[in-house]
Every structure is written in C-alpha cells, then in structure tokens.
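Me: Could you take a close look at one part of this fold with me? I would like to follow the strands and how they are joined, and then see what packs against them.

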Amino acid sequence: MTACEVKAVLMKALALSEAYVRGEGSHFQVIAVSEQFAGMSRVKKQQTIYIPLMEYILDNRIHALSIKTYTPDEWQRNRKLNGV
C-alpha cells in the first residue's frame, strides 16, 4: 500500500478538508484536518481515522499508523507555530 492509496481511502471515506500521508511499506503517518474533529475526544478522533483503514490493518497492508488530527483552526495555529 502506498501513501497515496491511504490518503485516497481517507479522503473518500471522511469529510476531510486536508490530509497528508507519509510512509512506506506498511508504516504510515497521517495528518488529517476536518471540522468534524471539533469537540471529539482524542480516542474518538483516532477511531474516526482507523475505521476506514481497518481492512488494510487487518490484512497487514498497514502495520503501523501514526495519527494527528486537527480542526481547520487548530491546523492553522499549528502551522504558524511550527513555521509550516
């Protein structure tokens, strides 16, 4: 599975305004930006990302997944703080 394929699955399944996926082999890092994350617990945000990827996790196409989620406002603040 490629980073582009992971991103495509997430973009199709979720109402994301932005998604960034890096990785190779079966290890990926995801940054997901969506208004739907507002008010969600950290666990619920993680579950939201895991659900559309579960079939790929179960068949080991994805072995490790690092997830960061942001609302659009949080993403803008984070980018400014980190100079992105």
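Reply: Happy to! Strands S2 and S3 (residues 64-70) run parallel and are joined by 7 bridges; please keep in mind that this is a predicted model. To find your place in that pairing, look at glutamine 29, whose bridge partner in S3 is serine 66. Between the two strands, the chain leaves S2, passes through helix H2 (residues 42-58) and arrives at S3, making a right-handed β-α-β crossover.

Now turn to the other neighbour of S2. Strand S1 (residues 18-24) pairs with S2 (residues 27-33) through 7 bridges, and here the two run antiparallel. At the turn end you can pick out glutamate 24, which has histidine 27 as its bridge partner in S2. The hairpin of S1 and S2 leaves 2 residues between the strands, and glycine 25 adopts a positive phi near 65° there.

Next comes the packing, where helix H1 (residues 3-13) is a nice place to look. Its buried residues are Ala3, Val6, Val9 and Leu10. Viewed down the axis of H1, these buried residues fall within an arc of 125°, so they line one face of the helix. That spacing fits a simple rule: an α-helix has 3.6 residues a turn, so residues three or four places apart point the same way. Among the elements that cover the buried residues of H1 are S1, S2 and H2, which brings us back to the hairpin strands and the crossover helix. On the face of H1 turned away from its buried side, you will find the exposed residues Cys4 and Lys12.

Key
Residues are numbered from 1 along each chain as its sequence is written. This is a predicted model: local features need pLDDT of at least 70, side-chain atom pairs count only at pLDDT 80 or more; totals for chains, interfaces and linings use all residues. Side-chain values use heavy atoms; hydrogens and water are left out. Two strands pair if DSSP finds at least two bridges between them. Helices (H or I, at least four residues) and strands (E, at least two) are DSSP runs, numbered from the N terminus. A crossover is right-handed if, with the strands pointing away from the viewer, the path from the first strand over the helix to the second runs clockwise. Buried means under 20% relative accessible area, exposed over 50%, partly exposed in between (1.4 Å probe, protein chains only). The arc is that of the directions from the helix axis to the C-beta atoms. Contact means heavy atoms within 4.5 Å.
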